[in-house]
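Please open the model in your viewer and keep the selection panel at hand, since this tour moves from one selection to the next.

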Amino acid sequence: MKQTLFIFYFTCLLCTTSMAQTSMQPVNKGFTFAMESRYMQAVAISCKSYTYSWQESLEEYAVDWRLLAGYYFSPRIAASGGLAFQAYAGNFLLTPLLDVKAYLKDARRTPYGYVNTGYSVTEKMGGWLFEAGIGYRLSLSKVIALTGSLGYNYKQLKNGVQVYYPVMFDDMFGYTFRYETANQHSLVFSIGLAFR
């Protein structure tokens with residue numbers, strides 16, 4: 001009888017110890033992959049010249065799609081690298097970028113803050129990109145999570161604005177234009193899927 005009780009208590013102890021160890025394993029670990037879709041609504045566009053008109057070359061919104069692959073350096077910090085494909089004013093911009101996310105807790109459902117930066121390698125309208133914001137991750141399973149975020153986006157658009165200025169041609173007054181770099185400030189809404 002003593003042996004049976006000893007085996008029962010020993011088995012219960014092993015079960016509770018193993019359950020405690022599995023529940024203490026970090027949720028955020030290893031490699032991570034993500035697909036995100038973003039909508040950017042411009043709130044301000046500026047350039048060096050004060051006299052320019054809104055052209056078809058500039059739009060007040062843009063969309064982009066991102067593919068990211070990264071690693072959790074700790075249960076609360078993940079860094080990723082990837083590509084952003086941006087549809088903007090009839091042009092497609094390709095931007096390699098670096099993304100860092102800081103999670104509030106090591107859990108399947110958690111808010112996070114993020115920062116990312118990159119440089120568009122497209123010749124027309126290429127330039128620097130910076131984005132920061134807050135988001136929320138909602139795990140659908142152990143492998144897939146739904147993410148959503150709201151943030152601020154800064155985009156440098158080389159040759160993004162046509163600036164008109166007056167010129168004189170043989171006693172005639174006319175206008176010509178040149179391209180100038182513009183800076184776009186936008187609000188960003190995103191939704192995506194993250195895979196572990």
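Begin by selecting L67, which lies in strand 2; strands here (E, at least two residues), like helices (H or I, at least four), are DSSP runs numbered from the N terminus. L67 has a relative accessible area of 47% and is therefore partly exposed, a class that falls between buried, under 20%, and exposed, over 50%, with a 1.4 Å probe and protein chains only. The model is a predicted one, in which local features need pLDDT of at least 70 and side-chain atom pairs count only at pLDDT 80 or more, whereas totals for chains, interfaces and linings use all residues. Residues are numbered from 1 along each chain as its sequence is written, and side-chain values use heavy atoms, with hydrogens and water left out.

Next, extend the selection to M35, W65, L67, L83, F85, F92, L94 and V121, which form a nonpolar patch on the surface with about 760 Å² of accessible area together. Strand 2 (61-74), strand 3 (77-88) and strand 4 (91-103) are the elements that give two or more residues to this patch. Such a patch is made of residues with over 30% relative accessible area and no salt bridge (a side-chain nitrogen of Lys or Arg within 4 Å of a carboxyl oxygen of Asp or Glu), nonpolar side chains (Val, Leu, Ile, Met, Phe, Trp, Tyr) being joined within 5 Å and like charges within 9 Å. Areas come from the Shrake-Rupley method with a 1.4 Å probe, and for residues only the protein chains shown count as cover.

Now select strand 4 alone and compare its two faces: the uncovered one holds F92, L94, P96, L98, V100 and A102, while N91, L93, T95, L97, D99, K101 and Y103 belong to the covered one. Strand 3 and strand 4 run antiparallel and are joined by 12 bridges, and two strands count as paired if DSSP finds at least two bridges between them. To see single positions, pick A84, which stands opposite T95 of strand 4, and then D99, whose bridge partner in strand 5 is N116. Strand 5 (residues 109-119) pairs with strand 4 in the antiparallel sense over seven bridges, and these two strands form a hairpin with five residues between them.

Then move to Q156 in strand 7 (residues 144-169). Is Q156 buried or exposed? Q156 counts as buried because its relative accessibility is 17%. Leaving aside residues up to four places away in sequence, Q156 touches Y119, M125, G126, G127, W128, T181, A182 and N183, a contact being heavy atoms within 4.5 Å.

Finally, select the whole protein chain, which has one helix and eight strands. Of its 196 residues, 36% count as buried.
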